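This report looks at how the inside of a protein model is filled, and at where empty space remains within it. Please look over the sequence and the structure before reading on.

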Amino acid sequence: VVDSLKEIFPSLFLMRPDKAGADTPFSYLLKRPAGNILFATKADTVADARTIAAAGSVAHILLGDRHHALPQTEALAKRLGTPLTCSDIEAAVLKKQGVTIGQPLPYQYTKLAPDLEIIPTPGHTRGAFSYLWTHKRRKFLFIGDTIVPVEGAWQYWVTKPNRTEMRKTVEILSKLKFDVILSNSFASTPVAWFEVNARDRAAIFAELAHSLKG
């Protein structure tokens, strides 16, 4: 149970207990006049529905990929009265796992709202989405678990056949401008988000591109 929402940036809240276990993913809530956005995970937060609702109505519940949802995630969505959203590719996989996606989206770049871009980032999974939120002239990239910060280095987990797709994703991400990058993965240590500048972004993606060669 989340005792409270922790504001880590203006209008951006972390939903994760301070004493969370090592296998607990990072969930985030954006507070917006047009309706809040929840970046949901497998974390069982059904009991936190009242806390989430008290922060304002939830317009969208977004998933990065098939690894971010279990039946309990769908249960939370029903409590909040807001459908789960992800790509149609990931939705098909989740349906086989007993999770219904109420709003599957075509696997293409789109703007879900004026302040929120959806970016296809395959590699970790075939239909993974990343999300770019613009707020008060700052851009926040929600990367899911496509890449994960682990003790000062960015890691990825892809099958050998998917490495080509991952290279494409790294190229796409290297062209984005963002000020903060956030991961949902439980494997993120010691933290799951970083503020970055242009030099940091270049270094992240140059290192990833180098490791994906061959």
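In this predicted model, a convenient place to begin is W193, which touches I8, F9, L14, F26, Y28, I181 and L182 when residues up to four places away in sequence are not counted. W193 belongs to the largest nonpolar core, a set of 23 residues in which L12, Y28, F142, L182 and W193 touch the most other members. Two or more residues of this core come from each of β1 (6-9), β2 (12-15), β3 (27-30), β4 (36-39), β9 (116-120), β10 (129-135), β11 (138-144) and β14 (180-183), and β10, with three residues, gives the most. A second core, separate from this one, has 22 residues, including V46, L76, A91 and I101.

The empty space comes next. Cavities of 30 Å³ or more number two in this model, and the table sets them side by side.

| Cavity | Space | Lining residues by kind |
|---|---|---|
| Largest | About 50 Å³ | eight nonpolar, four polar, no charged |
| Second largest | About 40 Å³ | five nonpolar, four polar, no charged |

The largest cavity is lined by F39, A40, L62, L63, G64, H68, F129, Y131, F142, I143, G144 and N184. Both β10 and β11 give two or more residues to that lining, with β11 giving the most, namely three residues. F142 thus appears in this lining as well as in the largest nonpolar core.

Around the second largest cavity lie M15, S27, L38, A40, T41, A43, T45, T73 and L76. L76 is also a member of the second core, while A40 is found in the lining of the largest cavity too.

Methods
Residues are numbered from 1 along each chain as its sequence is written. This is a predicted model: local features need pLDDT of at least 70, side-chain atom pairs count only at pLDDT 80 or more; totals for chains, interfaces and linings use all residues. Side-chain values use heavy atoms; hydrogens and water are left out. A nonpolar core is a set of buried Ala, Val, Leu, Ile, Met, Phe, Trp, Tyr and Cys residues joined through side-chain atoms within 4.5 Å. Buried means under 20% relative accessible area, exposed over 50%, partly exposed in between (1.4 Å probe, protein chains only). Helices (H or I, at least four residues) and strands (E, at least two) are DSSP runs, numbered from the N terminus. Contact means heavy atoms within 4.5 Å. On a 1 Å grid over the protein atoms alone, a cavity is a set of points where a 1.4 Å probe fits but cannot get out, and a pocket is an open set with protein on both sides within 12 Å along at least five of seven lines; lining residues have an atom within 4 Å of a point. Grid points are joined across faces, edges and corners, and a volume is the space filled by probe spheres set on the points. Ala, Val, Leu, Ile, Met, Phe, Trp, Tyr, Cys and Pro count as nonpolar, Asp, Glu, Lys and Arg as charged, and the others, Gly among them, as polar.
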